[in-house]
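Visitor: Could you take me on a close look at one part of this protein, the empty spaces inside it? I would love to hear what surrounds them.

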Amino acid sequence: MAAFVRAVDTGSLSAAARSLPSSLTAVSRQISALEEHFGTRLLLRTTRQLALTDDGRILYERAKLILGEVREIEATLARDPHQPSGRIRISSPSLIGRLVIAPLLSEFLRRYPAVAVDLLLIDRAVDMVEEDIHLAIRIGRLRDSQLVTRKLTDLQMIVCASPDYLARRGEPRTPGDLAGHDCLVFSDSPGSAEWRFADGSKTGRKFRISGRLWMNSLDALVGAARDGAGIVRVPSWQVQSDLASGRLQRLLIDHEPAPTPLHLMLQPSRLASPKIRAFVDYLVEQWGKIDAFRSPSARS
């Protein structure tokens, strides 16, 4: 199974042989033996690439999980079972990962010198089994899942602009007024844009906006808003200092949508791992100390 998974991950039998390390003949025989054992074709092989069959896709996803559990067992039995050790793979939305999670890792690594961390900044929902992710931080309401989840906080999306822009263009009083303003839009693909606001219903209502500037970086959009380029929609924690200093002004407060939950997710099979438990406990401990996510009454 290890040879099979490596072949799929690397894209060829020869690349899998080099990375294992093994011989091309040995890897080919192992995969042929696996196909014979299960009585089905797992890979479609061409001179240029490998392609998974439907049965191969099922085995690949399960084999990744099985091999991960085997590594966990080996690490636990090889060391003090109460001492966290090994590598943790964490995925996070890029902004939260860079500004919130990454600054916490130095202290975690000092506390647990036998643990290594891979932090992947990915702005999409990852497949934790297929991509071998141990922990994932995910924004938004979750679908029914077998994953274990722990809510970290709620994120409030707000719109704001600089006093200079508002002096020139006026302040929108309703979400519908945004169609006549210069809005700064976070997206990878420019086009039509909509922002959601509260309208008394559970889900709220989407309003079409006029997007004059599109970027795939919230940091850059906030900078443009500070410079007076227009109105930006961001998580409130990201612009807390700008709001406090007056560089940005919060708009349409009475129309803000319901907060969006932020969850920590992990596979049930990882719960017994000392390194995973250590990181979850550490993250929850540190999260309450991050001022941007504390409730107003808890701040000094």
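Guide: Let's begin with strand E7, which gives the most to the lining of the second largest cavity, with three residues. Keep in mind that this is a predicted model. E7 runs over 157-161, and together with strand E9 (193-197) it makes up the elements that give two or more residues to that lining. The full set of residues around the second largest cavity is Met157, Ile158, Val159, Arg196, Phe197, Arg233, Glu256 and Pro257. By character, this lining divides into five nonpolar and three charged residues, with no polar ones. The space they enclose has a volume of about 30 Å³, and the count of cavities of 30 Å³ or more comes to two.

How do we find such spaces? Rolling a probe the size of a water molecule over the atoms shows where empty space is left.

Now let's move on to the largest pocket, with a volume of about 1000 Å³. Its lining is made of 34 residues, and those that lie nearest its centre are Pro93, Asp123, Ile139, Phe186 and Leu218. Several strands give two or more residues to this lining: E3 (86-92), E5 (135-139), E8 (183-186) and E12 (231-235). Helix H5 (94-111) and helix H7 (218-226) do so as well. Sorted by character, the lining of the largest pocket has 18 nonpolar residues, eight polar and eight charged. To picture this pocket, try finding Pro93 and Leu218 in the structure, two of the residues nearest its centre.

Conventions: Residues numbered from 1 in each chain as written. Predicted model: local features only at pLDDT ≥ 70, side-chain atom pairs only at ≥ 80, totals over all residues. Heavy atoms only, no water. 1 Å grid on protein atoms, 1.4 Å probe; cavity = no way out; pocket = protein on both sides within 12 Å on 5 of 7 lines; lining within 4 Å. Points joined across faces, edges and corners; volume = space filled by probe spheres on them. Helix = DSSP H or I, 4+ residues; strand = E, 2+ residues; numbered from the N terminus. Nonpolar A, V, L, I, M, F, W, Y, C, P; charged D, E, K, R; others polar.
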